[in-house]
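I opened this notebook to record what I looked up, one topic at a time, and to keep each entry to what can be checked in the structure itself.

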Amino acid sequence: MTDASSLPLFPHRHLLGIRDLSPADIELLLDRADRAVSISRQSEKKTSTLRGRTQINLFYEASTRTQSSFELAGKRLGADVMNMSVASSSVKKGETLIDTAMTLNAMRPDILIIRHQSAGAAALLAQKVGCSVVNAGDGAHEHPTQALLDALTIRRAKGPLSKLIVAICGDILHSRVARSNIMLLNALGAQVRVVAPSTLLPAGIDRMGVIVSRSMAEGLKDADVVMMLRLQRERMEGAFVPSIREYFRYFGLDAEKLKAAKEDALVMHPGPMNRGVEIASEIADGPQSVIQEQVEMGVAVRMAVMQALLDPRRNQEGRGA
Amino acid sequence: MSVTVFNKARIVDPSRGVDEIGAVIVDGRRIAAAGKAALNQGAPEGAVVIDCAGKTIIPGLIDARVFIGEPGGEHRETIASASVAAAAGGVTSIVMMPDTNPVIDNVALVEFVLRTARDTASVNIFPAAAITKGLDGREMTEFGLLREAGAVAFTDGRHTIANALVMRRALTYARDFGSVIAHETQDADLASAGVMNEGLYASWLGLSGIPREAELVPLERDLALARLTGGAYHAAKISTAMAVGAVSRAKADGANVTAGVAIHNLSLNENDVGEYRTFFRLTPPLRAEDDRLAMVEAIKDGTIDIIVSSHDPQDVDTKRLPFADAAAGAIGLETLLGAALRLHHNGDVPLLRLVETLSTAPARLFGLPGGTLKPGGAADLTLVDLDEPWIVSESGLRSRSKNTCFEGARLQGKVLQTMVAGRTVFSA
C-alpha cells in the first residue's frame with residue numbers, strides 16, 4: 001500500500017453526509033480511493049491498515065450491494081467485520097436505535113456503518129457512540145459514499161468534474177443518492193440537472209442548485225453523464241406516476257433518449273436496477289454504461305473513507321467519548 | 001379571611017382596558033379592589049402588604065390548549081404535575097384536551113377529571129370533551145350531558161375530523177348548547193407522512209413536508225360550515241398566513257369564528273428544527289419566518305384571538321428517536337408567558353393586547369371565570385417582573401416531561417407569584 005502519511009489528515013470523525021465536506025475533503029477521499037482501487041486489483045487484496053480494528057455494519061434496511069461493499073472494504077483493510085442483521089436481532093423486538101447503539105458501543109467498535117430508513121438516524125447515532133460513524137444511507141437524506149463512488153467513477157473516466165454536465169434522472173423526491181450527488185457535484189463545480197415528472201421533485205428543487213427539466217430530450221442535451229435513479233415499484237402504480245409504461249415512455253433511458261447526450265456520455269445507476277422501468281437493458285449493458293465500474297469504485301471509496309476516518313495519526317489523540 | 005395588598009404594582013387588566021400603577025387588594029378568595037384608586041385605600045388590620053414597585057400584576061393566564069397524560073399517560077404528566085407547572089408559569093386555568101386514555105368522551109371521564117383536579121390540582125382545570133366518540137371522527141358525543149357535567153368546549157384534540165357531514169352536525173348541535181367547537185385542522189392525506197413544514201429546508205433534510213394547504217383545506221371547509229350553521233367555531237391552532245386570511249374573511253362575513261395560535265408558531269420557525277431536533281417536531285409544524293410574522297401580525301390586529309401553549313408532554317421514549325419516528329409536541333406551560341413577552345419586549349404587540357390574548361380573550365371565548373382583575377371576581381392573578389431575564393433549563397422545569405423548545409433560551413419576564421382564588425400556588 002502506498003504511504004498514507006503523505007496525504008493530509010481527514011478533518012472529520014464521522015462521514016454523515018456530503019454537506020459536511022469541503023471540496024478539498026472530497027478530493028482527498030477520491031485521491032485515497034484511487035489508491036485503494038489498485039489494492040482491489042491485486043491478487044493479494046488484504047492489507048493490514050485496519051488490523052485489529054472492529055467494524056460493525058448495522059443495516060436496518062436490506063441492502064446486499066452496499067452492505068457487502070462495506071464488508072469487503074473492511075476486510076481488505078484487515079479489519080474485523082461484524083454484520084448486525086436487523087431481522088434476527090433485538091431491534092425486531094422493539095429496541096430503539098439509541099439502545100442498540102449503546103449496546104454496540106459497549107463492544108468498543110472502531111467504526112459503525114449504519115443504513116436506516118429514517119433521515120437523521122446516522123447523525124443521531126453519532127451523538128451517542130464513541131466511535132466513527134459512516135452513513136450508508138438515512139431515509140431520503142444522504143448517501144455520501146454513493147455520491148463519492150459516483151464522483152470517482154466520473155473522475156477516472158472524464159477527469160476533473162468541474163464544467164461537466166451531469167443529468168440526474170428519476171425519483172429525486174425520495175432519493176438520498178440524488179441529494180448527496182447534487183451537493184457533491186456542485187461542490188466540485190459540475191453543472192447539475194435533474195429530470196423528473198413534477199410529482200417526483202421535492203419542494204424547493206429550483207433552489208437546490210440544479211437546472212430542472214421535465215423532459216429527457218432537454219435535460220440530457222449535451223450531458224457528459226446521465227445518472228439514472230431507481231423508482232420504487234409502489235410509487236409507479238398510480239401514486240406518483242400512473243404506470244410503468246407511461247413512466248418508461250417519458251423518463252426511461254433508452255437508446256433514443258440517450259442520443260441527446262454527448263456521444264461518449266457515461267450512463268450510471270446506483271442499483272439495483274429496474275430494467276425496463278427507468279433504464280432499458282440495452283443501455284444498462286451497453287458500451288456507455290459504467291454501472292459495473294460503479295460497483296468496483298464502491299469498494300475503493302469505502303476503503304478510503306474508513307482509512308481516512310481511522311487514520312492512525314488521529315489515534316494518537318485518543319478516543320473521544 | 002386574610003387580606004393581601006399588592007401595593008404600587010403596575011396593573012394590566014385588559015378586561016377593563018386598565019394599565020396603571022395601583023394596588024390590588026385580595027380579600028379571601030376574591031379581588032376587593034384593583035387600580036389606582038385602591039392605592040390610598042389603606043390596608044385593613046392584619047393585612048399582608050407586598051411592595052410591588054416595578055412589578056406587574058396581570059389576570060392569571062388561561063391556557064386553552066393543554067394536553068395532559070392523565071388518565072392513561074401519567075408517566076408523561078398528571079393533572080397534579082401539570083398544575084404545578086402551570087402555577088410556575090403564571091397560568092391559573094387550563095383547558096384540558098380530551099386526548100387521554102380513555103378518551104374524555106363521556107360524563108364519567110369529565111367527572112373523573114374534575115374530581116382529580118379538585119383533589120390534586122392547584123390551578124383551575126377545565127376539561128374539554130371530545131366531539132366524536134373515541135376521537136374517531138364518526139359519532140357525536142353527548143354534548144348536552146357533557147356540558148352539564150362540566151365540559152367547557154368540544155374538540156377532537158390532535159385529531160382532525162375528516163367527514164364534513166360530521167362536522168356540520170357537530171357545529172349545528174353544539175349551537176343549541178352554546179358550546180364552542182374547537183378544531184385543529186390538518187388534512188391527513190395532504191400531510192401524509194409529513195413531519196415538518198414543506199419547503200427547501202425539509203427537502204435537504206430528506207424529511208417529508210407538510211404543505212400549508214394541509215391546514216387550509218379542512219379549515220376552509222370548517223369556516224364554510226360555520227357560516228352555514230351559525231355554530232361557534234374555533235380554529236384551535238393555525239400556523240400559516242393563508243389560514244389567517246381565511247379566518248379574517250370568515251370574521252368579516254360575520255361568521256361566529258375565532259382562532260388560536262400556539263406559542264411555538266409565534267416564537268420559532270422551521271430553521272429551529274436544525275439537525276433533526278425532535279423537540280421541534282410539532283403539529284402544526286414550525287413554518288417559515290413569513291408565516292411566523294403573519295401570526296404576530298394577526299395577534300396584533302385581532303384576527304387571532306388567543307395564544308395557547310399547546311403543552312404536550314412527551315417522554316424520552318417518544319422523543320429520542322429519528323425525527324420522523326418521534327412523537328410531535330412540546331411542553332409549554334412554564335415558558336408561555338416568557339416566550340409571549342418577547343413580542344412585548346421587541347415592540348411587536350402592545351402589552352395590554354398580549355395579556356388579553358393570554359387571559360381575557362380565552363376566558364370570554366370559552367365562558368370561563370377569570371381573565372380579569374375586576375373587583376368581585378375570583379382572585380386569579382399573576383405577579384410578574386416583566387423585565388427580569390432568565391434562562392430556561394430543562395432541570396428547572398416542573399413538568400414531568402422535559403420536551404421543551406426553549407432549552408437554553410433567554411426569556412425576559414419572570415413569574416414571581418401566582419394566586420388562584422386568593423391562594424398563593426406559586427412564589428418564586
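How many residue pairs are in polar contact across the interface of chain B and chain A? I looked this up in what is a predicted model, and I found four such pairs between chain B and chain A, both residues of each being at pLDDT 80 or more. I then looked for salt bridges between chain B and chain A, and the count was zero.

**Entry: the interface**

I noted for myself that the size of an interface is often given as the accessible area lost when the parts come together. For chain B and chain A I wrote down about 1500 Å² buried between them, with 64% of it on carbon and sulfur atoms. Of the area that chain B buries against chain A, Leu200(B), Trp204(B) and Arg320(B) supply 43%, which is more than any other three residues. I also listed who takes part: the contact involves 22 residues from chain A and 14 residues from chain B. Sorting the side of chain B that touches chain A by class, I got eight nonpolar, three polar and three charged residues.

**Entry: a sheet in chain B**

Next I traced an open sheet of five strands in chain B, whose order is β9-β10-β13-β14-β15 and whose pairing is parallel. At its edges I found β9 (154–155) and β15 (306–308) of chain B, each of which pairs on one side only. I reminded myself that strands of a sheet pair through backbone hydrogen bonds, either parallel or antiparallel. Looking further in, I saw that β10 (residues 180–183) and β13 (residues 232–235) of chain B run parallel and are joined by four bridges, and that Ala182(B) stands opposite His234(B) in β13(B).

I then turned to the helices, and noted that helix α7 (residues 213–229) of chain B lies across β10, β13 and β14 (257–262) of chain B, running at about 160° to β13(B). Helix α8 (residues 241–252) of chain B also packs on the sheet, where it touches β13 and β14 of chain B, and its direction makes about 155° with that of β14(B).

**Entry: backbone exceptions**

Most residues other than glycine have a negative phi, and most peptide bonds are trans. I therefore recorded Lys163(A), because its phi is positive at about 75° although it is not a glycine; Lys163(A) lies in the loop between α5 (144–158) and β5 (165–169) of chain A. I also recorded a cis peptide bond from Asn101(B) to Pro102(B), with omega near 0°, and placed Pro102(B) in the loop between β7 (91–96) and α2 (107–120) of chain B.

How values were computed
Residues are numbered from 1 along each chain as its sequence is written. Chains are lettered from A and ligands numbered from 1 in the order in which they are written. This is a predicted model: local features need pLDDT of at least 70, side-chain atom pairs count only at pLDDT 80 or more; totals for chains, interfaces and linings use all residues. Side-chain values use heavy atoms; hydrogens and water are left out. Contact means heavy atoms within 4.5 Å. Buried area is the accessible area (1.4 Å probe) that two parts lose on being put together, summed over both. A salt bridge is a side-chain nitrogen of Lys or Arg within 4 Å of a carboxyl oxygen of Asp or Glu. A polar contact is a pair of N or O atoms within 3.5 Å; within protein, one must be able to donate a hydrogen and the other to accept it, and residues adjacent in sequence count only if both atoms are side-chain atoms. Ala, Val, Leu, Ile, Met, Phe, Trp, Tyr, Cys and Pro count as nonpolar, Asp, Glu, Lys and Arg as charged, and the others, Gly among them, as polar. Two strands pair if DSSP finds at least two bridges between them. Helices (H or I, at least four residues) and strands (E, at least two) are DSSP runs, numbered from the N terminus. Axes are lines fitted to C-alpha atoms, for helices over the stretch in contact, and angles run from 0 to 180 degrees between N-to-C directions.
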